[in-house]
Amino acid sequence: MKLCIIGSGYVGLVTGACFAEVGHQVICVDNDQRKVDMLMAGEIPIYEPLLEEIVHKNVAAQRLFFTNSIEKGVDESEVVFIAVPTPPQPDGSVDLSYIERVAREIAMVLKDYRVIVDKSTVPVKTGEKVAEAIRRYNRKGAPFDVVSNPEFLREGCAVGDLMKPDRIVIGSSSERATALVKKVYEPFIAPVLVTDINSAELIKHAANSFLALKISYINMISRICEASGADVEKVADGIGADKRIGRSFLNAGIGYGGSCFPKDIAAFIAISEQLGEPFELLKEVQRINRTQSDRFIGKIREALWVLKGKKIAVWGLTFKPDTDDVRSSVAIHLVNHLMGEGAMVRVYDPKGMEKSQQLNLVPGASFASSPLDAAQDAEALVIATEWKEFTAVDFQELKKRMHTPLIFDGRNLLDPLVTRQFGFDYHSIGRR
Ligand code: UDX
């Protein structure tokens with residue numbers, strides 16, 4: 001099929017590349033000419049495992065193209081996907097101005113029947129507004145249908161998530177549009193759930209909120225474990241073995257971050273409020289998440305007595321491993337909080353240092369060339385992101401390099417027993 005993806009950010013670029021990978025002809029549109037030029041030159045603006053090679057392969061195979069012309073994209077394709085940003089507003093609600101503008105721009109170039117698919121994460125009832133906007137600006141009165149098709153990809157394993165989805169959700173009130181979108185996904189082996197548009201939009205917010213709920217739940221359990229001498233990892237294994245609960249997303253730590261969970265939960269709380277159904281449970285999920293990193297900082301302060309003037313090494317800046325994304329990262333919050341109390345922080349991250357420096361996210365922190373370099377003369381080491389490579393560090397050498405062998409593991413990455421056998425004073429989450 002001939003497909004157009006408007007917006008070449010995380011979702012748009014990964015979706016476009018994977019659609020081309022399964023054989024579709026894909027035009028990715030972006031209004032940032034610099035990004036279009038980069039992509040045309042084969043440069044990928046984000047770090048995502050596997051993405052670079054499938055973009056190169058499909059550009060070479062003439063199945064993937066980049067342009068800044070919405071008209072070209074709409075003219076040359078049967079189905080048009082909207083994958084533009086929906087950033088949060090100060091009150092937690094979602095800024096839909098990018099979606100609204102693209103809907104108008106599509107309407108103004110629409111000549112024949114097109115299916116307009118919303119892939120951006122949006123509050124419920126947005127699809128209705130998109131259809132209304134297109135009707136208003138569609139001077140030629142060309143026929144169209146609007147469909148909601150939320151994505152569930154995770155950063156760091158986005159290509160895998162898209163190529164092998166758990167399910168494909170199609171929110172549509174038109175059989176013609178449903179059939180076309182089903183055809184787009186024919187090459188992907190996954191259950192297809194066809195619903196109305198509102199339900200499809202709600203599935204995305206509800207799914208992300210439920211995952212965040214699981215994380216805040218296990219983080220709450222971790223506090224009870226600390227107070228009772230139990231082990232949160234064992235408790236998570238014990239409850240997670242129940243298929244009705246599942247072990248995934250029960251990893252206790254310093255809290256969730258990233259460009260999705262914090263934003264989607266705030267948006268879901270705002271839209272629920274607007275609909276007259278305040279979602280108190282999600283406010284508690286937010287509160288637990290917010291206070292989880294504060295508790296962790298409290299542990300560090302208690303052990304070091306005073307943070308002012310202390311040399312602290314921090315491993316990890318990204319919001320999770322296997323990505324260069326530092327948006328709403330708890331690790332970044334932690335580094336700034338420690339420096340706010342006067343600590344001297346030296347950081348290392350395999351992929352996130354460049355963006356952290358470009359965006360000046362940790363002003364005053366020094367950047368190390370390796371985990372060991374970061375820990376040189378440190379009075380404490382904090383693990384903030386669970387990059388696998390941190391487990392492969394030479395811990396004997398680490399002990400020699402540090403001023404004090406004191407570790408605070410905010411992601412339960414290391415084995416407490418082994419770490420203590422190396423002579424470290426080791427603290428983690430929910431484990432005595
Ligand atoms: C999330 C959803 O998983 C994905 O389906 C949706 O499409 C977009 O939002 P992502 O933000 O990439 O994906 O990251 P995810 O792997 O979900 O992790 C989110 C945050 O939760 C990270 O900060 C991670 O460290 C934290 N987390 C995750 C935990 O603290 N514990 C866990 O058990 C799992």
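**Note on the predicted model: ligand shell, strands and selected residues**

1. The residues of the shell around the ligand fall into nine nonpolar, three polar and six charged ones. The structure discussed here is a predicted model, and every remark below should be read with that in mind. The shell counts 18 residues in total, of which the closest to the ligand are F152, L153, E155, N251 and K320. Among the elements of the chain, helix α9, which spans residues 197-228, gives the most to this shell, with three residues.

2. Three distances describe how oxygen atoms of the ligand lie relative to polar atoms of the protein. An oxygen atom of the ligand is 3.0 Å from a polar backbone atom of G257, while an oxygen atom of the ligand is 3.3 Å from an N or O atom in the side chain of E151. For R411, an N or O atom of the side chain is 3.4 Å from an oxygen atom of the ligand. Taken alone, the ligand exposes 660 Å², and the protein buries 93% of that.

3. A reader who starts at the beginning of the chain meets strand β1, residues 2-6, which is mostly covered, since four of its five residues are buried. Strand β1 pairs in the parallel sense with strand β2, residues 25-29, over five bridges, and within this pairing K2 stands opposite Q25 of β2. Between the two strands comes helix α1, residues 10-21, and β1, α1 and β2 together make a right-handed β-α-β unit.

4. Strand β1 also has a pairing with strand β4, residues 79-82: four bridges join the two, and they run parallel. Here the bridge partner of I6 is I82 in β4. The residue I82 appears again in the pairing of β4 with β5, where its bridge partner is D118 of β5. Four bridges join β4 to β5, and these strands, too, run parallel. The chain crosses from β4 to β5 through helix α5, residues 97-109, and this β-α-β crossover is right-handed.

5. How many of the five residues of strand β5, residues 114-118, are buried? The count is five of five, so that the strand is described as mostly covered, with the cut-off for buried being under 20% relative accessible area. In a regular strand the side chains alternate between the two faces of the sheet. For β5 both faces are covered, with R114, I116 and D118 buried on one side and V115 and V117 buried on the other.

6. From β5 the parallel pairing continues to strand β6, residues 144-148, to which β5 is joined by five bridges. In this pairing the bridge partner of V115 is D145 in β6. Helix α6, residues 126-137, forms a right-handed β-α-β unit together with β5 and β6.

7. Further along the chain there is an open sheet of six strands, with parallel pairing and the order β11-β10-β9-β12-β13-β14. Its edge strands are β11 (366-367) and β14 (425-427), each of which pairs on one side only. Within the sheet, strand β9, residues 311-315, and strand β12, residues 380-383, pair in the parallel sense over four bridges, and the bridge partner of W315 in β12 is I383.

8. Two residues deserve a separate look for their side-chain contacts. S428 lies in the segment after β14, and S428 counts as buried because its relative accessible area is 4%. The side chains of S428 and R431 are joined by a polar contact of 3.0 Å. T178 has its place in helix α8, residues 175-184, and T178 counts as buried because its relative accessibility is 11%. The side chain of T178 makes a polar contact of 2.9 Å with the side chain of S172.

9. Is V330, in helix α13 (residues 330-340), buried or exposed? V330 is buried, because its relative accessible area is 9%, whereas the cut-off for buried is under 20%. V330 and P405 are 75 residues apart in sequence, and their C-alpha atoms are 24 Å apart in space.

Methods: Residues are numbered from 1 along each chain as its sequence is written. This is a predicted model: local features need pLDDT of at least 70, side-chain atom pairs count only at pLDDT 80 or more; totals for chains, interfaces and linings use all residues. Side-chain values use heavy atoms; hydrogens and water are left out. Buried means under 20% relative accessible area, exposed over 50%, partly exposed in between (1.4 Å probe, protein chains only). Two strands pair if DSSP finds at least two bridges between them. A crossover is right-handed if, with the strands pointing away from the viewer, the path from the first strand over the helix to the second runs clockwise. A residue is near a molecule or strand if one of its heavy atoms lies within 4 Å of it. A polar contact is a pair of N or O atoms within 3.5 Å; within protein, one must be able to donate a hydrogen and the other to accept it, and residues adjacent in sequence count only if both atoms are side-chain atoms. Accessible areas come from the Shrake-Rupley method with a 1.4 Å probe; for residues, only the protein chains shown count as cover. Ala, Val, Leu, Ile, Met, Phe, Trp, Tyr, Cys and Pro count as nonpolar, Asp, Glu, Lys and Arg as charged, and the others, Gly among them, as polar.
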